[in-house]
2 protein chains.
Amino acid sequence: MSKKLTSRAEDYSKWYNELVVKADLAENSAVRGCMVIKPYGYAIWEKMQAELDRMFKETGHQNAYFPLFVPKSLFEAEEKNAEGFAKECAVVTHYRLQNDPDNEGKLRVDPEAKLEEELVVRPTSEAIIWNTYKGWIQSYRDLPILVNQWANVVRWEMRTRLFLRTAEFLWQEGHTAHETKEEAIKEAELMNNIYANFAENFMAIPVVKGLKTESERFAGAVETYCIEALMQDGKALQAGTSHFLGQNFAKAFDVKFTSKEGKQDYVWATSWGVSTRLMGALIMTHSDDHGLVLPPNLAPDQVVIVPIYRSDEQLEEISKIANLIMGDLRAKNVSVKFDDRTTHRPGAKFAQHELQGVPLRIAIGPKDLENGTVELARRDTLTKEIVPLDSLTPKIENLMEEIQSSLYKKALDYRSEHTTEVDTFDEFKEVLKNKGGFISAHWDGTAETEEKIKELTKATIRCIPLDTGNEEDKCVFTGAPSKGRVLFAKAY
Amino acid sequence: MSKKLTSRAEDYSKWYNELVVKADLAENSAVRGCMVIKPYGYAIWEKMQAELDRMFKETGHQNAYFPLFVPKSLFEAEEKNAEGFAKECAVVTHYRLQNDPDNEGKLRVDPEAKLEEELVVRPTSEAIIWNTYKGWIQSYRDLPILVNQWANVVRWEMRTRLFLRTAEFLWQEGHTAHETKEEAIKEAELMNNIYANFAENFMAIPVVKGLKTESERFAGAVETYCIEALMQDGKALQAGTSHFLGQNFAKAFDVKFTSKEGKQDYVWATSWGVSTRLMGALIMTHSDDHGLVLPPNLAPDQVVIVPIYRSDEQLEEISKIANLIMGDLRAKNVSVKFDDRTTHRPGAKFAQHELQGVPLRIAIGPKDLENGTVELARRDTLTKEIVPLDSLTPKIENLMEEIQSSLYKKALDYRSEHTTEVDTFDEFKEVLKNKGGFISAHWDGTAETEEKIKELTKATIRCIPLDTGNEEDKCVFTGAPSKGRVLFAKAY
């Protein structure tokens, strides 16, 4: 099996698909559009989960679990939300299979076992959760509710790609309930900030915080906050969203509370989520033609040790040193693996760890035994150096931080170079065609202009950046007044 | 809202249902048979997950994720497995909803969006996983595969009860692949032992390790190992199972490997799982008429501090002491919460923490401020004592261990008292009727006898204990030769 990847320059999309499979992150399954997340890919997702979960709990959120299914009558209660998701719903209609009388050994759906009401496999859980919150909320004393759920959801997308767009995906969805509009907006902003911090400080992915335009907003939301990242091919990727839902779901499910002053009012809501799509963002931000590049924070193994030996005695000596190194590194919370498989040669091991993005590789050979050294190779820069054993641990501790921040800086530089302010539509098209990336341009604020630009260029408004300022000017397309620049891009 | 529970003596089943809801563990949802796991209940489940996950990883297992759906043609591939689950399957037949032309604002299933092949919502994942393993396994070098998945599954049970039997439940399912029969059997035994250790040492629930009879075996397994626990009402509960699957799934999905000697053979398999059902076992092993009783290992808050005050100055002084106590306890890895809610009186807080099973409650009042003491109340024994502040932390550290082991001992004593050896069928019926619990009796090894005893008494063979010895005798029902005693009981 060749592990050599198509290069990014040759075919970015093919490079991505090959990398996901060859680095053992995920693969397509027998179910249309559904993926298998392989152990190595899942270990990275677990790192993301653990850190996000910590951040959620630190800000007062608790986890809970709500049903996989949404009865159709609840699903359709919030009309805009229902309309937004109806076209891509997996629907359970029966609850039993039976032997197929025409086909021995085969099963068929039992026509007698038709459900009275169809069940939608959740594409998102606002409906089932707000129907539940109705029973939890009577007075202001029951508020706020700050709940998160780790779950699988299903959206029957027609064109799917591993991690980026799959029929089933894993995510977390927060659903909060508040007394006031202001408190709910503050929550939606808080969670968007948490996502931004997580992306930048943990995943080393720079993001722009912004608001979605009406046409890109979550179905049922009053306002959608988002974080947008830029991939290496100049396309944008929405990495997380946080919605201020107003009282839309409270009204649809009749969820009222009695205030401190004894008045009845509908409850204010938010919801927010990130998904296994972040794996796609991770891959397309840092990786190279040799394979995955992982920031140390997300690496299941931060360091791998490969022994190079001719005799059992040499292996034994190397193993002793490897054990000492592992003890020292683990004491410093650096995760490390000794790859002493006898089924693979060192070259094959090097290739695999490179492909899988292990941040640092230590090789120990006979010469190192003589000299009290090891060879240390850095995945992100592909550089190697000989390091004396006695300075190895502090060196690696420093490198963990250096690699993490250097990957962030590299991605930030790329984004800066690929964010272009344009003032004419010709320039807009030219930059989009030849350079890609974010295009910062004035827009007149109408859905019509947004739609026309999309038709002509395939670029959409990724967000109205929160720090856009109030620089008034003219729309790049219509010349009508604009309140500030927005970010356009082609997007995943 | 009254928090007073029906007593166990009055109606055990009602007591259970009330406790689950009033202690905020779970509730029924709008979806038939599906539950909502509330934050407090979910926090307990998270403790179980974390410990099990640690034990799995320590023994070389990795997590992965496989699709929610199983195409019907894969589902039916292993016939016995399919037959076992076909009667309780949620089936997805369509992938889109549309506006209902006869009913404005309502949706209906789009008849044009019928799937070519129906998808079964996984009741268990052997089929989809073994279809995947086919692509992962070529040679002995690819073995063993030691994979676990945390997931939701759906079994359309007709009679459901919170945690004990729900249409959707959460679980982990391990699926391993091996070169030899011996290695697979060893794995199945290892995992059953891990479950037993977890139940006894972490959940404080004594269990019997055994084998299932053929009629109670997992559909598709060659042998099912299990751990069986005894609830306070004398009924047994299957707390975990580990299956040796032989080559059944490898043959159904044609998964062969080339051995070291160059021969082709089918792969050997195991699967093993525990579920949110363990929450039911936890509740019914330790709790009392006042509510939940939690072993410290499973308590989201191990200690709660309740201030009792008349003035803001008193509260301030108490808060200072509470902060000192919390600092000390957290340094010793004891989780502690200061319940300074102003919306509830101390009496209401006491009642809530009792109902929710917080192992230790500290109350601090004006008198304690004068004396440098606190009142310490133990949930399991309902005893209170006054403790000087300077000996509080070591005292609590000791109590954490003492409560954990004392709950285990209490449950073990109960089980010993309710495990009865009988040698006649009259005695069998008498014990079952008047005392309940495990009945240890000789059985002739036939499914017919097992079935007849079940018909006559509703008792089933819970397991053939692994340590049953070889004491040969006569079947308690037929008088035919028996190879050893087995455990009968009525069961959840």
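**Entry 1: a helix over a sheet**

I started with helix α12 of chain A, residues 392-417, and asked which strands the helix lies across. I found four names to note: β17, β19, β20 (373-378) and β21 of chain A. Against β20(A), helix α12 runs at about 5 degrees. A reminder to myself: this is a predicted model.

Next I looked up helix α10 of chain A, residues 346-355. Helix α10 lies across β17 and β19 of chain A, and its angle to β17(A) is about 170 degrees.

**Entry 2: the sheet itself**

In what order do the strands of this open sheet come? I read β18-β17-β19-β20-β21 in chain A, 5 strands with mixed pairing. At the edges I found β18 (336-338) and β21 (384-388) of chain A, each of them pairing on one side only. From one strand to the next, the twist averages 25 degrees.

Then I picked one pair of neighbours, β17 and β19 of chain A. Do these strands run parallel or antiparallel? They run parallel, and 5 bridges join β17 (residues 303-307) to β19 (residues 360-364). To have one bridge to find on screen, I chose Ile305(A), whose bridge partner in β19(A) is Ile362(A).

**Entry 3: stepping back to the domains**

I checked the domain assignment of chain A and wrote down domain 1 (12-69 + 126-286), domain 2 (296-414) and domain 3 (419-489). Domain 1 is written there as two stretches of the chain.

I then turned to domains 1 and 3 of chain A. Their centres, taken over C-alpha atoms, are separated by 27 Å. How many residues are in contact? I noted 16 residues of domain 1 and 14 residues of domain 3 of chain A.

The size of an interface is often given as the accessible area lost when the parts come together, so I looked that up too. Domains 1 and 3 of chain A bury about 1200 Å² between them, with 64% of that area on carbon and sulfur atoms.

**Entry 4: who touches whom**

Across this interface of domains 1 and 3 of chain A, I found 2 salt bridges. I looked at the one between Glu216(A) and Arg462(A), where the closest N and O atoms are 3.6 Å apart. For polar contacts between domains 1 and 3 of chain A, the count is 7 residue pairs.

Which strands supply at least two residues each to the side of domain 1 that touches domain 3 of chain A? I listed β11 (208-211), β12 (223-230) and β13 (236-246) of chain A. The largest share of that side comes from β12(A), with 5 residues.

How values were computed: Residues numbered from 1 in each chain as written. Chains lettered and ligands numbered in written order. Predicted model: local features only at pLDDT ≥ 70, side-chain atom pairs only at ≥ 80, totals over all residues. Heavy atoms only, no water. Pairing = 2+ DSSP bridges. Axes fitted to C-alpha atoms, helices over the stretch in contact; angles between N-to-C directions. Contact = heavy atoms within 4.5 Å. Domains from an automatic or database assignment. Buried area = accessible area lost by both parts, 1.4 Å probe. Salt bridge = Lys/Arg side-chain N within 4 Å of Asp/Glu carboxyl O. Polar contact = N/O pair within 3.5 Å; in protein donor to acceptor, adjacent residues only side chain to side chain.
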